[in-house]
Amino acid sequence: MVVVTLSLMGASATMLWLRQNRWIYLADSPKASRTDVPAPDSIGLPYDELWLADSKDGTVQQHASFIYRRSLCPGQLEPPVPTILYLHDRDGNMGHRLPIAKILHLGCNVMMLSYRGFGKSTGVPDEQGLKADAQAALDFLLAHPVSNRGPILLYGHGLGGAVAIDLASRNPITVAGLVVENTFLNLPKLLPTVYPQARAFTALLNQIWASDKAIATLPDQLPILFLSSAKDDFVPPAHMAEHFTLAGGVAPQRPAARPKTLKEWKVALAAPPPAATKPNPFRQWHDFPEATHDNVSEQHGFVACWRSWMRATMGRVDPDLVARLVRGH
């Protein structure tokens, strides 16, 4: 019996080591995601189709879309507006995120990409590769004559949040703002909730995505918006709350359970009050009580939350941008 158990454990460990990238990066889900990539103009968004090359690996071609603001005066240089670099979750491709791109595009340029091995992009996905893809996209925006005139912000959902946090930590001067939506602390902490049977094998992960360490290094004055779904069925909401705390925010406190016994009452009454913590005003938290992992942008209040944060954030960067955002909305 012991031999059989050890054999099964060994087989499970081997499978985790060999197949972890296939389990983490679901480029083939949903079906046809590698070939069917809806274009922004299918929903009326003007864009340029891009192919970005990896500077270290010339064989990798990253498929991207730069969704720009239509010029109100053709032939004239428009006033600068913010540009959002949107980084998607661990499945599908950039075309599946067009609905949120349409919201973000109101008053802004939007850059979207399919990571290597996703959509029509070539290559094989892994942690270092996705980090390189995000850096290539940011470098493109920094060099583009439209986007390099205004602030550049990052928006990451799920795995894309981990990509965005890492990118912001490596470009603290360049990035003007960050949005993190339903992102895990790191994969070893997430694995037991997704694959409980693999709890004993977290040490075998070679894809770490240590967002909890990276987010604690971000500048205090970097505006960060945390969007958390109370009913997230993939990333435990506690991960987002801890991200918020690590970044200098004060996580929302849920009411403590009412003591039931005399002993519990004595403990509760003897406990010292929680230490007062001064929150970082550049960190903002928004909780969506009915949202799950993938539908935050569909929730009532999302657009208002996004507009409010953008106006406050851009007001710190350039007050004139706020007026242009209002007109764009």
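# A walk through the predicted model

Leu190 lies in helix H5. Keep in mind that this model is predicted. Is Leu190 buried or exposed? Its relative accessibility is 4%, so Leu190 counts as buried; the cut-off for that label is under 20%.

What does Leu190 touch, once residues up to four places away in sequence are set aside? The list is Phe184, Phe234, Val235, Pro236 and His239. Take Val235 from that list. Leu190 and Val235 are 45 residues apart along the chain, yet their C-alpha atoms are separated by 7.1 Å.

Leu190 also borders an empty space. The model has one cavity of 30 Å³ or more. About 180 Å³ of space lies in this largest cavity. Its lining has 14 residues, and Ile24, Arg90, Leu187, Leu190 and Tyr195 lie nearest the centre. Two elements give two or more residues to that lining: helix H1 (2-24) and helix H5 (187-194).

Now follow His239, one of the contacts of Leu190, into helix H7. This helix covers residues 237-246, and its buried residues are His239, Met240, Ala241, His243 and Phe244. What covers them? The cover includes H4, H5 and helix H6 (211-215). It also includes three strands: E6 (175-181), E7 (224-229) and E8 (283-288). After H7 comes Gly248, with a positive phi near 105°.

Phe226 meets H7 from another side of the story. Leaving aside neighbours within four places in sequence, Phe226 is in contact with Met240, His243 and Phe244, among others. Its other contacts include Val180, Ile215, Arg283 and Trp285.

Phe226 also belongs to the largest nonpolar core. How many residues does this core have? It has 50. Those with the most contacts inside it are Leu85, Met111, Leu178, Trp209 and Phe226. Helix H4 (residues 159-170) gives the most to this core, with seven residues. A second, separate core has 28 residues, including Met94, Leu98, Val179 and Trp306.

Two of these core residues lead to ring contacts. Start with Trp209. The charged end of Lys131 sits over its ring, 5.4 Å from the ring centre.

Then turn to Trp306. The model has nine aromatic pairs. One of them joins Tyr155 and Trp306, with 6.0 Å centre to centre and 55° between the planes, a tilted pair. Where do the two partners sit? Tyr155 is in strand E5 (residues 152-157), while Trp306 is in helix H9 (residues 302-317). They are 151 residues apart, and the pair links distant parts of the chain. Both Tyr155 and Trp306 are buried.

Trp306 has another ring partner, Trp309. Their ring centres are 5.9 Å apart and their planes meet at 35°, so this pair is tilted too. Why are they about one helical turn apart? Because Trp306 and Trp309 are three residues apart in helix H9. An α-helix has 3.6 residues a turn, so residues three or four places apart point the same way. Trp309 is buried, as is Trp306. Tyr86, Tyr155, Trp306 and Trp309 form one aromatic cluster.

Stay in helix H9 for one more residue, Thr313. At 0% relative accessibility, Thr313 counts as buried. Leaving aside neighbours within four places in sequence, Thr313 is in contact with Leu153, Ala176 and Pro223.

Tyr86, from the aromatic cluster, points to the next stop, a pocket. About 300 Å³ of space lies in the second largest pocket. Of its 16 lining residues, the closest to the centre are Tyr86, His96, Arg97, Asp294 and Ser297. Which element gives the most to the lining? H2 does, with three residues.

The last stop is Gly92, which has Arg97 among its contacts. Gly92 is found in the loop between strand E3 (83-87) and helix H2 (98-104). Its relative accessibility is 1%, so this loop residue counts as buried. Setting aside neighbours within four places in sequence, Gly92 is also in contact with Leu26, Ala27, Ser29, Pro30, Ser33, Phe118 and Gly119. The C-alpha atoms of Gly92 and Ser114 are separated by 8.5 Å, and these two are 22 residues apart along the chain.

Conventions: Residues are numbered from 1 along each chain as its sequence is written. This is a predicted model: local features need pLDDT of at least 70, side-chain atom pairs count only at pLDDT 80 or more; totals for chains, interfaces and linings use all residues. Side-chain values use heavy atoms; hydrogens and water are left out. Helices (H or I, at least four residues) and strands (E, at least two) are DSSP runs, numbered from the N terminus. Buried means under 20% relative accessible area, exposed over 50%, partly exposed in between (1.4 Å probe, protein chains only). Contact means heavy atoms within 4.5 Å. Rings of Phe, Tyr and Trp (its six-membered ring) pair if their centres lie within 6.5 Å; planes under 30 degrees apart count as stacked, over 60 as edge-to-face and the rest as tilted. A charge sits over a ring if NZ of Lys or CZ of Arg is within 6 Å of the ring centre and within 35 degrees of the ring normal. A nonpolar core is a set of buried Ala, Val, Leu, Ile, Met, Phe, Trp, Tyr and Cys residues joined through side-chain atoms within 4.5 Å. On a 1 Å grid over the protein atoms alone, a cavity is a set of points where a 1.4 Å probe fits but cannot get out, and a pocket is an open set with protein on both sides within 12 Å along at least five of seven lines; lining residues have an atom within 4 Å of a point. Grid points are joined across faces, edges and corners, and a volume is the space filled by probe spheres set on the points.
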